[in-house]
Amino acid sequence: MTDNETSRSPLWHGTTILAVRTEDKVVILSDGQVSMGQTVMKGNARKVRRLGSDNAILAGFAGATADAFTLFERLEQKLERHPGQLQRAAVELAKDWRTEKYLQKLEALLIVADRDVTLVITGAGDVLEPEHNVVAVGSGGNYALAAARALYPYEKDAEALGRQAMEIAADICVYTNSNFTIETLDLKA
């Protein structure tokens, strides 16, 4: 690893974000731990929030906090231009993120969801819709994802499933704690 890669690696070792979509709801959960290297800086960070003028979009981030907030602001601007079209707004954000010099330096991953779709947006220009009804990012993301996929056939409540999967991730990943933030959208309303 180069010095630049080494200095960047702690960025991705500080969070777990999980999205679960069931027939009646979508939920995004995050842990609350912020780590700098091997030091826990904060245990109750809020990495999941609602976006959009009607708060109908859930968003969570892994990576640098200031970078994620910049991306959230940009996504909200795209949503103002394309109301009710999360997928289109996400694609427009990803295009900007990939082509604008200023945005190219931002280091974060976003999971966003509305009533219709769950997406992962990356700085490489990717807008990915997960194949399954669960998706996760961050240092504990693979643990949470594996747990959620294993639990999915047996737990019908998205929030309960998400909590169980996040607890498993928190037990395994030292960069993930059990202080969860949870945002939920009811799909039956």
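This note goes through two sheets, the helices that pack on them and a few single residues of a predicted model.

1. **The four-stranded sheet.** One open sheet consists of 4 strands in the order 10-1-2-11, and the pairing in this sheet is antiparallel. Strand 10 and strand 11 (181–186) stand at its edges, where each has a single partner strand, so one side of each is left without a neighbour in the sheet. From one strand to the next, the twist averages 10 degrees. For a first reading it helps to recall that the strands of a sheet pair through backbone hydrogen bonds, either parallel or antiparallel.

2. **The partners of strand 1.** Strand 1 pairs in the antiparallel sense with strand 10 (residues 134–138) over 5 bridges, and the antiparallel pairing of strand 1 with strand 2 (residues 25–30) also runs over 5 bridges. With 3 residues between them, strand 1 and strand 2 form a hairpin. Individual bridges can be followed by eye: Thr-16 has Gly-138 as its bridge partner in strand 10, while Leu-18 stands opposite Leu-29 in strand 2 and has Ala-136 as its bridge partner in strand 10. Helix 5 (residues 141–151) packs on this sheet and touches strand 1 and strand 10, with a direction that makes about 165 degrees with that of strand 10.

3. **Is strand 1 buried or exposed?** The question can be settled by looking at each residue of the strand. Of the 6 residues of strand 1 (residues 16–21), 6 are buried, so the strand is largely enclosed by the rest of the structure. Thr-16, Leu-18 and Val-20 point one way from the strand, whereas Ile-17, Ala-19 and Arg-21 point the other way, and all of these residues are buried. A student checking this in the viewer should note that Arg-21 is among the buried residues.

4. **Thr-22, in the hairpin loop.** Thr-22 lies in the loop between strand 1 and strand 2. Its relative accessible area is 10%, and because buried means under 20%, Thr-22 is counted as buried. The side chain of Thr-22 makes a polar contact of 3.0 Å with the side chain of Asp-24. When residues up to four places away in sequence are not counted, Thr-22 touches Tyr-152, Lys-156, Ala-158 and Leu-187.

5. **The five-stranded sheet.** A second topic is an open sheet of 5 strands, which has the order 5-6-7-8-9 and antiparallel pairing. Here strand 5 and strand 9 (127–128) stand at the edges with a single partner strand each, so one side of each is left without a neighbour in the sheet. Within this arrangement, strand 7 and strand 8 (residues 118–121) pair in the antiparallel sense over 4 bridges. Helix 2 packs on the sheet, where it touches strand 5, strand 6 and strand 7, and its direction makes about 150 degrees with that of strand 6. Helix 3 also packs on the sheet, touching strand 6, strand 7, strand 8 and strand 9, and its direction makes about 5 degrees with that of strand 8.

6. **Val-112, in strand 7.** Which residue of strand 8 is the bridge partner of Val-112? Val-112 belongs to strand 7 (residues 108–113), and its bridge partner in strand 8 is Leu-119. With a relative accessibility of 0%, Val-112 counts as buried. Leaving aside its neighbours within four places in sequence, its contacts include Ile-28, Leu-58, Leu-75 and Leu-86. The C-alpha atoms of Val-112 and Gly-60 are separated by 6.5 Å, although these residues are 52 residues apart along the chain.

7. **Helix 2 against helix 3.** Helix 2 (residues 65–81) and helix 3 (residues 86–99) pack at an angle of about 130 degrees, and their axes are 9 Å apart. That angle makes helix 2 oblique to helix 3, and the crossing of the two helices is right-handed. On the side of helix 2, the contact involves Leu-71, Arg-74, Leu-75, Lys-78 and Leu-79, and on the side of helix 3 the residues include Leu-86, Ala-89, Leu-93 and Trp-97.

8. **Asn-55, a backbone detail.** Asn-55 sits in the loop between strand 5 (48–51) and strand 6 (57–63). Its phi is near 55 degrees, which is a positive value in a residue other than glycine. The relative accessible area of Asn-55 is 39%, and this residue is partly exposed, in contrast to Thr-22, which is buried.

Terms used
Residues numbered from 1 in each chain as written. Predicted model: local features only at pLDDT ≥ 70, side-chain atom pairs only at ≥ 80, totals over all residues. Heavy atoms only, no water. Buried < 20%, exposed > 50% of the residue type's maximum accessible area, 1.4 Å probe, protein only. Pairing = 2+ DSSP bridges. Polar contact = N/O pair within 3.5 Å; in protein donor to acceptor, adjacent residues only side chain to side chain. Contact = heavy atoms within 4.5 Å. Axes fitted to C-alpha atoms, helices over the stretch in contact; angles between N-to-C directions. Parallel < 35°, antiparallel > 145°, perpendicular 65-115°, else oblique. Left-handed = near helix turned anticlockwise from the far one by under 90°.
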